[in-house]
Amino acid sequence: MPFQVHEKNFSSQETLVSRKRRVGDAFPRTIVALLTASFLATAVPACEGEVEVERPRARHATKSSKSDNNTEIVVTPQKVATGAELFARNCVKCHGNDAGGRVGIGPSLRSKTFLEAASNKMLLATIAEGRLGTTMTPWKSYIDAAGREALVAYIRSLTPHMVVELDESPLRGDPEAGKPIFESICVQCHGRSGAGYIESSSGTGIGRHAFLSTVTNGFLRYMIINGKSQTRMRGFDGVGAAVIANLDDQQIEDVIAYLRAHTW
Ligand code: HEC
Ligand code: HEC
């Protein structure tokens with residue numbers, strides 16, 4: 001199916017159908033889907049056809065690999081206070097007050113969908129190692145492990161959220177099919193080679209090894225489907241009035257495969 005790019009809106013019929021699917025939006029979609037799926041599996045096995053239609057974003061509801069989310073950080077008021085202080089001193093100038101982001105300078109760290117999808121491991125690694133080739137430098141020589149953990153506790157404290165279980169099933173995409181999607185949509189905000197801010201883009205460097213090596217396919221799926229809330233990165237699931245394009249499951253797999261195949 002060819003993808004459709006929308007300037008601002010899409011047909012009213014589509015809107016109606018999509019809105020209906022948003023019933024579970026107050027909760028992390030994956031969790032709702034998981035609960036729905038397991039409840040229905042035990043309680044109403046005969047209704048499978050109907051389930052397909054009603055389940056919100058059911059395609060996330062597969063088992064996650066436990067490997068990426070296992071760094072536990074207990075968020076205590078003390079840690080949050082230490083983190084806030086470190087953040088004010090070292091990070092605010094790029095990431096903005098309350099980590100709300102500064103377009104073209106530092107991404108939002110308090111975005112709800114971002115915090116739902118980002119593992120502690122990813123956040124800690126990014127703070128320690130930075131993102132080579134961008135202005136996000138490594139902090140491990142300046143801020144010790146306890147300080148970096150306090151920073152993550154602070155960032156997590158900024159927006160109420162629950163870390164969701166991501167769909168870490170094997171990638172099913174075709175890089176060749178993903179190429180035209182990347183080139184017609186993603187480059188508009190992430191730069192021609194996905195270099196991000198350096199290419200005068202509003203989006204970050206999603207083509208870079210320094211980014212892609214720290215995130216899982218489940219993270220990428222989640223961010224592309226749901227968007228990065230509180231930023232210009234809209235979801236690509238065709239839901240919501242501000243959607244930029246409709247991408248179906250396969251097209252999202254394809255664009256991720258393209259990113260993976262062209263990491264630099
Ligand atoms: C000089 C500017 C600058 C400073 C200072 C800075 N960052 Fe960053 N940070 C960036 C940029 C730019 C990126 C995104 C780079 C990219 O991937 O294109 C980033 C990315 C991140 C990310 C990943 C966010 C995402 O959307 O994937 C985290 C987490 C982060 N920074 C935390 C911190 C913390 C914590 C501090 C303070 C200790 C800090 N940064 C200081 C510029 C900065
Ligand atoms: C309208 C502009 C726009 C378009 C089009 C766009 N993005 Fe984004 N994207 C952004 C912005 C802005 C951010 C977040 C930057 C920030 O936090 O300040 C972002 C963030 C992301 C992130 C999360 C990175 C992180 O760690 O925070 C991913 C993944 C991503 N985009 C993938 C894509 C892909 C794949 C496409 C093409 C299908 C795409 N984007 C198209 C603007 C866009």
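This section describes the confidence, core, ligand surroundings and selected loop residues of a predicted model.

Confidence in the predicted structure varies along the chain. The protein has a mean pLDDT of 79, and 71% of its residues reach 70 or more. Residues 7–68 form a stretch over which the pLDDT is below 50; in the model, this stretch nevertheless has 60 contacts beyond near neighbours in sequence.

The largest nonpolar core comprises 40 residues, of which Ala117, Ile155, Phe219 and Val255 touch the most other members. Two or more residues of this core are given by each of helices H6 (112–117), H7 (120–129), H8 (145–157), H9 (175–190), H10 (209–212), H11 (217–226) and H12 (249–261). Because domain 1 (4–27 + 168–261) and domain 2 (77–157) both contribute residues to the core, it lies between them. For Phe219, the contacts outside its neighbours within four places in sequence are with Ala117, Ala118 and Leu166. Ala117, itself listed with Phe219 among the core residues that touch the most other members, is thus one of the contacts of Phe219.

Two ligands are considered in turn. Around ligand 1 there are 23 residues, and those that come nearest are Cys91, Cys94, Met136, Thr204 and Gly205. Helix H5 (92–95) and helix H7 each supply at least two residues of this shell. In composition, the shell around ligand 1 consists of 12 nonpolar, nine polar and two charged residues. At least three residues of the shell are drawn from each of domain 1 (4–27 + 168–261) and domain 2 (77–157).

Ligand 2 is surrounded by 24 residues, the closest being Pro107, Cys186, Cys189, Gly203 and Met233. The elements that give two or more residues to the shell around ligand 2 are H9 and H11. Of these, H9 provides the largest share of the shell, with six residues. The shell around ligand 2 divides into 14 nonpolar, eight polar and two charged residues. Since residues of this shell come from both domain 1 (4–27 + 168–261) and domain 2 (77–157), the shell lies between the two domains. Helices H9 and H11 also each give two or more residues to the largest nonpolar core.

Arg131 is located in the loop between H7 and H8. Arg131 has 20 C-beta neighbours inside 10 Å and therefore counts as buried. Its C-alpha atom is separated by 5.1 Å from that of Ala210, although the two residues are 79 apart along the chain. When neighbours within four places in sequence are left aside, Arg131 is in contact with Thr126, Met136, Gly205, Arg208, Ala210 and Phe211. Among these contacts of Arg131 are Met136 and Gly205, both of which are also listed with the residues nearest to ligand 1.

Two further loop residues are notable for their backbone geometry. Ser200, found in the loop between H9 and H10, has a positive phi of about 55 degrees although it is not a glycine. With 9 other C-beta atoms within 10 Å, Ser200 is exposed. Gln230, likewise not a glycine, has a positive phi of about 65 degrees and is placed in the loop between H11 and strand E2 (245–246). Gln230 has 15 C-beta neighbours inside 10 Å and so counts as partly exposed.

Conventions:
Residues numbered from 1 in each chain as written. Chains lettered and ligands numbered in written order. Predicted model: local features only at pLDDT ≥ 70, side-chain atom pairs only at ≥ 80, totals over all residues. Core = buried A, V, L, I, M, F, W, Y, C linked by C-beta atoms within 7 Å. Buried ≥ 20, exposed ≤ 12 C-beta atoms within 10 Å, placed from the backbone. Helix = DSSP H or I, 4+ residues; strand = E, 2+ residues; numbered from the N terminus. Domains from an automatic or database assignment. Contact = placed C-beta atoms within 7 Å. Near = placed C-beta within 6 Å. Nonpolar A, V, L, I, M, F, W, Y, C, P; charged D, E, K, R; others polar. pLDDT = per-residue confidence, 0-100.
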